[in-house]
Amino acid sequence: MASDPIQALLGSFREEIGRGVSTRGEFERLKGRFLGREKGLVPELFARLKTLPPGERGAFGARANAAKTEIEEAVRRLGAELERREAASRDRAAAVDVTLPGRRPRRGGLHPITVVRRRIEDIFLRMGYSIADGPELENDFHNFEALNFPPEHPARDAQDTLLVDRPAASPLLLRTHTSPVQIREMRKHGAPLRLIVPGRVYRKDEVDATHSPVFHQVEGLVVDHGISMADLKGTIAAFLEALFGKGTKTRFIPTFFPFVEPGVDVSMTCIFCRGDGCPKCKGSGWIEIMGAGMVHPRVLQGVAIDPEEYTGFAFGLGIDRVALLKYGFPDLRLLFEGDERFLAQFAGEA
Ligand code: DAH
C-alpha cells in the first residue's frame, strides 16, 4: 500500500535501520529525519491529521500513534546500544597494556663541581672545620674595604667587578671571591674560628677554555692563639695529599694579597708527570693551585680581634680548577654548558 503515508514512513524507517546505524553521526541523522521537532517525518504525519475529513481522523490518529511508538522505541534502543559501544572503546583506550616492556628510568648524577666541593668539605670537616655561607650579592665594605684593599686597587675597578645598579650611596656588587665571608664570620663570632666557605663567585671575564664570569671557590680561615705559618703549611700539605693522593708535595712562593701578610702562592707536585716535568707544568714539575697567607693584622683589628692576642691563616682555591685537574677536562666550558652526554659520565661518582 504505497499510497498509505503511515505504511510508507514505517517501510522507509525499517529499511534504514536494516542497513545498520554504527556511528554517532548516522544515529543523529536518522533520529533527526524521523523525530526532529521541526521537519521530522513523524511530526509531519500528525500535522497531516488536521487536513483529513473528520470521519477518518480517529483511525489515522491511532495508526500514526502506533507508528510513532515503534519508531521512538527503535531509536531509543539504537541510542543505548551506541552509548555502550562508545563506553567500551573509551575503556579500551584507557586500559594499561601489562604486556608492554617497562621503560628503564634514567639515572641522574652529581655534577663534577658538586662532587669536588663535597670531597673538599669532607676533608676539612674531618679536620674539625665548620662550613659557613655568605651572600653572593655583597657590598664594597665586605668584598674589599675590610679586606684591606686600598681605594685605588685595580680589583675594585668595574673592569673586573660586576656592579649591580643601586643608589650611589650603597652600591652592591657580585662578590669577586669568597673572602668577604671571612669578615662576616669574624664579626659575627669573634675568635677562635676554624671554617671553610664554599661558594659561587663572579668576575667580569669573557668565556673561554680557562675563564668564566661565574666560578666556584673555597675559602678557609683559622684564627686562634699562636697560629703560625707552620700550621698553614701543615694544613695545606695534609689537604692537598688527601685531595690529590699520597706523595703530593706542597711549595709556598711569596706573593701579595692585601688581606694577608705574608701571602703565598701554593704550588703542588704536577699531577700529570708527578714532578718530572711535562708540557702541562711547563717542565717545572709544579702547578699552582691556591692562594694563602697569615691574616693581616689590620684585617683582625677591623673586626675587633686583637692581633696581639690572636693570629690566623687564610686560604682560597678554585673548585672548578680542581675539577679540571682531577678529571683531566681540557675546557672549563664543559662544566657550565650542562651537556648531558658529557655530565652523564659522572653519574654515581660521589
Ligand atoms: N681571594 C683570593 C682570590 O680571589 C684567593 C685567596 C688568596 C684567598 C689568599 C685567601 C688568601 O684567603 O689568603 O683570588
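A salt bridge here is a side-chain nitrogen of Lys or Arg within 4 Å of a carboxyl oxygen of Asp or Glu. By that yardstick, Arg24, Glu28, Glu83 and Glu86 are linked in a network of salt bridges. The model is a predicted one, and a search of the whole structure turns up 18 salt bridges. The general idea is simple enough: side chains of opposite charge can pair when their charged atoms come close.

Helix α4, which spans residues 54–94, offers a neat example built around Glu73. Glu73 makes a salt bridge with Arg76, where the closest N and O atoms are 3.0 Å apart. Both residues sit in helix α4, three residues apart, or about one turn of the helix. Glu73 also forms a salt bridge with Arg77, this time with the closest N and O atoms 3.9 Å apart. Glu73 and Arg77 are separated by about one helical turn, because they are four residues apart in helix α4. As for its surroundings, Glu73 has a relative accessible area of 34%, so it counts as partly exposed.

Another salt bridge brings together the side chains of Arg341 and Asp339, at 2.8 Å from N to O. Arg341 has a relative accessibility of 69%, so it counts as exposed, the cut-off being over 50%. Asp339, at 29% relative accessibility, is partly exposed.

Turning to the strands, β6 (residues 214–224) is mostly covered, with nine of its 11 residues buried. Strand β6 pairs with β5 (residues 193–202) through 10 bridges, and the two run antiparallel. Within that pairing, Val197 stands opposite Glu219 of β6. Strand β6 is also joined to β10 (residues 311–318), again in an antiparallel arrangement, by eight bridges. Here Gln217 is the residue that stands opposite Gly318 in β10. As a general point, side chains in a regular strand alternate between the two faces of the sheet.

Aromatic rings come next. A pair of aromatic rings is described by the distance of the centres and the angle of the planes. The whole structure holds 10 aromatic pairs. One of them is formed by Phe13 and Phe34, an edge-to-face pair with 5.0 Å from centre to centre and 80 degrees between the planes. Phe13 belongs to helix α1 (residues 5–19) and Phe34 to helix α2 (residues 24–35), so this pair ties together parts that are 21 residues apart in sequence. Both Phe13 and Phe34 are buried.

Phe124 and Tyr129 make another pair: their ring centres are 4.9 Å apart and their planes lie at 65 degrees, so the pair is edge-to-face, since planes over 60 degrees apart count that way. Phe124 has a relative accessible area of 0%, so it is buried. Tyr129, at 7% relative accessibility, counts as buried too. These two rings do not stand alone, as ring pairs link Phe124, Tyr129, Phe239, Phe313 and Phe315 into a cluster.

Charged side chains meet rings as well. Tyr129 has Arg194 lying over its face, at 6.0 Å from the ring centre. Elsewhere, Lys233 lies over the face of Phe252, at 5.4 Å from the ring centre.

Conventions:
Residues are numbered from 1 along each chain as its sequence is written. This is a predicted model: local features need pLDDT of at least 70, side-chain atom pairs count only at pLDDT 80 or more; totals for chains, interfaces and linings use all residues. Side-chain values use heavy atoms; hydrogens and water are left out. Buried means under 20% relative accessible area, exposed over 50%, partly exposed in between (1.4 Å probe, protein chains only). Two strands pair if DSSP finds at least two bridges between them. Rings of Phe, Tyr and Trp (its six-membered ring) pair if their centres lie within 6.5 Å; planes under 30 degrees apart count as stacked, over 60 as edge-to-face and the rest as tilted. A charge sits over a ring if NZ of Lys or CZ of Arg is within 6 Å of the ring centre and within 35 degrees of the ring normal.
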